[in-house]
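Let's take a friendly walk through a protein model. Keep the sequence and the 3D view side by side as you read.

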Amino acid sequence: MSQSTLEGLGARTPQAPQFGHDALIVCDTLVRIYRSGPVEVQALQGLDLLVDEGELVAVVGASGSGKSTLLHVLSGIDQPTAGRVRVGPWDVMAMSRRDRVAYRRTMVGFVWQQAAHNLVPYLTGVQNVLLPMAFAGVGRRERQRRAAEVLGMVGVRHCADRLPRQMSGGEQQRVAIAVALANSPRVLLADEPTGELDTATSQEVFEALRTANRDAGATVVVVTHDPTVSEQVARTLAIRDGRTSTEVLRATAGHDGAAPAAAQEYAVMDRAGRVQVPREYREALALTHRVRLVLEADHVSMWRGGGSGGRRGSGSDGDGSER
Ligand code: ADP
Ligand code: MG
């Protein structure tokens with residue numbers, strides 16, 4: 001998207017972005033601090049994230065690492081404390097209340113872990129799918145056509161006339177994906193959508209997300225604890241302590257039923273050049289506090305800091321682990 005197009009959108013994008021200007025989703029040094037009384041929790045601590053249009057990305061990380069916070073920010077239901085978030089043409093930090101409603105109605109769809117939170121319990125499957133389209137002002141005939149289409153797409157047309165309690169957990173989540181897709185969002189966010197399901201059912205739900213990505217053209221960001229899910233996507237981002245710490249890239253599997261794709265894990269460098277060295281590496285070589293970086297012709301090597309009499313890093317907030 002050109003700069004002039006973005007500027008033309010006025011309040012949505014008050015400034016032309018640089019970092020990740022051609023990505024669909026950009027999180028730039030995102031910070032989210034929760035305050036309750038004297039207690040402060042830094043749920044996101046300068047998270048950078050880029051997702052290109054058309055990607056299906058898995059986000060993994062320990063409980064409490066900030067995954068849900070990230071999805072809440074991207075879905076427009078939570079405001080970050082600092083940083084920049086852009087999704088398509090929308091500057092998520094600068095949206096008015098009205099923008100936010102439009103954004104949530106048309107730009108992003110979401111599926112939460114608790115199947116019960118995704119569906120209105122007293123409406124049938126098809127009525128649940130019709131609802132967001134009615135809010136968006138879609139005409140009656142088009143609503144009916146689209147509802148049948150998305151239910152069929154994710155394989156739950158048989159749930160059209162059932163209430164959520166008459167569906168299995170996996171069916172509920174697939175209907176929830178149909179609901180999320182109803183208004184053809186460019187982005188589908190799913191927070192542990194298979195967290196309450198057994199492996200076989202998880203696979204069906206994941207297939208529905210894949211369909212949403214491939215056939216409905218949605219860019220999908222799925223938070224998961226499920227290794228069988230993260231193993232099936234081209235890119236898995238690990239969040240640690242509110243930052244993206246590593247990325248696993250896989251050559252896209254399934255082109256011609258080839259052998260499982262080889263995966264390569266990368267550490268993520270943030271915009272200030274910081275890289276988190278994995279604990280195993282640090283422990284194996286007793287790397288603490290001060291390390292020596294050496295620029296080689298085509299790589300950088302890292303050496304344990306010697307006792308060469310360098311001054312103590314007075315400007316740093318060192319952890320005191322220097323020996
Ligand atoms: P995850 O989804 O990876 O388990 P969360 O994003 O839910 O992690 O939470 C990240 C951190 O923020 C945790 O320490 C959590 O306790 C804290 N947190 C999340 N939501 C709130 C809230 N509404 N108020 C205070 N702290 C919160
Ligand atoms: Mg969570």
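## A nonpolar patch on the surface

Strand E12 (291–295) and strand E13 (300–304) each supply at least two residues of a nonpolar patch. Keep in mind that you are looking at a predicted model. The members of this surface patch are Val 291, Leu 293, Leu 295, Val 300 and Met 302, and together they have about 470 Å² of accessible area. Which strand gives the most to the patch? E12 does, with three residues.

Take Val 300 as an example from this group. Val 300 sits in strand E13. Is Val 300 buried or exposed? With a relative accessibility of 53%, Val 300 counts as exposed, because the cut-off for that word is over 50%.

## The surroundings of ligand 1

Now turn to the ligand. Which residues are found around ligand 1? They are Tyr 34, Val 41, Ala 43, Ala 62, Ser 63, Gly 64, Ser 65, Gly 66, Lys 67, Ser 68 and Thr 69. Sorted by class, this shell has four nonpolar residues, six polar ones and one charged one.

Several polar atoms of the protein can be found beside oxygen atoms of the ligand. A polar side-chain atom of Lys 67 is 2.8 Å from an oxygen atom of ligand 1. In the side chain of Ser 68, an N or O atom lies 2.9 Å from a ligand 1 oxygen. For Ser 65 the partner is a polar backbone atom, 3.2 Å from an oxygen atom of ligand 1. How much of ligand 1 does the protein bury? Ligand 1 exposes 560 Å² when taken alone, and the protein buries 61% of that. Two elements, strand E2 (39–51) and helix H2 (67–74), give two or more residues to the shell around ligand 1. The largest share, three residues, comes from H2.

## Pairs of opposite charge

Side chains of opposite charge can pair when their charged atoms come close. How many salt bridges does the structure hold? There are 14 salt bridges in the structure, and a few of them are worth finding in your viewer.

Start with Arg 162 and Glu 171, whose side chains meet in a salt bridge at 3.5 Å, N to O. Arg 162 has a relative accessible area of 29%, so Arg 162 is partly exposed. Glu 171, at 14% relative accessibility, counts as buried. Next come Glu 247 and Arg 235, with side chains that meet in a salt bridge at 3.1 Å, N to O. Glu 247 belongs to strand E10 (residues 243–250) and Arg 235 to strand E9, so this pair ties together parts that are 12 residues apart in sequence. Glu 247 and Arg 235 are both buried.

## Charges along a helix, and a network

Another salt bridge joins the side chains of Arg 279 and Glu 283, at 3.8 Å, N to O. How far apart are Arg 279 and Glu 283 in helix H10? They are four residues apart, which means that about one helical turn separates them. Arg 279 counts as partly exposed, at 48% relative accessibility, while Glu 283 is exposed, with a relative accessible area of 57%.

Salt bridges can also be found in a group here: Glu 142, Arg 145, Arg 146 and Glu 149 are linked in a network of them.

## Three more residues to find

Thr 236 has its place in strand E9 (residues 235–240). At 7% relative accessibility, Thr 236 counts as buried, and its side chain reaches the backbone oxygen of Ser 230 at 3.2 Å.

The other two residues lie in loops. Met 95 is in the loop between strand E5 (90–91) and helix H3 (97–107), and counts as buried at 8% relative accessibility. The C-alpha atoms of Met 95 and Gly 76 are 8.8 Å apart, and the two residues are separated by 19 residues along the chain. Ala 286 is in the loop between helix H10 (279–284) and E12, and is partly exposed, with a relative accessible area of 30%. Between the C-alpha atoms of Ala 286 and Trp 303 there are 9.8 Å, with the two residues 17 residues apart along the chain.

Terms used. Residues are numbered from 1 along each chain as its sequence is written. Chains are lettered from A and ligands numbered from 1 in the order in which they are written. This is a predicted model: local features need pLDDT of at least 70, side-chain atom pairs count only at pLDDT 80 or more; totals for chains, interfaces and linings use all residues. Side-chain values use heavy atoms; hydrogens and water are left out. A residue is near a molecule or strand if one of its heavy atoms lies within 4 Å of it. A polar contact is a pair of N or O atoms within 3.5 Å; within protein, one must be able to donate a hydrogen and the other to accept it, and residues adjacent in sequence count only if both atoms are side-chain atoms. Accessible areas come from the Shrake-Rupley method with a 1.4 Å probe; for residues, only the protein chains shown count as cover. Ala, Val, Leu, Ile, Met, Phe, Trp, Tyr, Cys and Pro count as nonpolar, Asp, Glu, Lys and Arg as charged, and the others, Gly among them, as polar. Patches are made of residues with over 30% relative accessible area and no salt bridge: like charges are joined within 9 Å, nonpolar side chains (Val, Leu, Ile, Met, Phe, Trp, Tyr) within 5 Å. A salt bridge is a side-chain nitrogen of Lys or Arg within 4 Å of a carboxyl oxygen of Asp or Glu. Buried means under 20% relative accessible area, exposed over 50%, partly exposed in between (1.4 Å probe, protein chains only).
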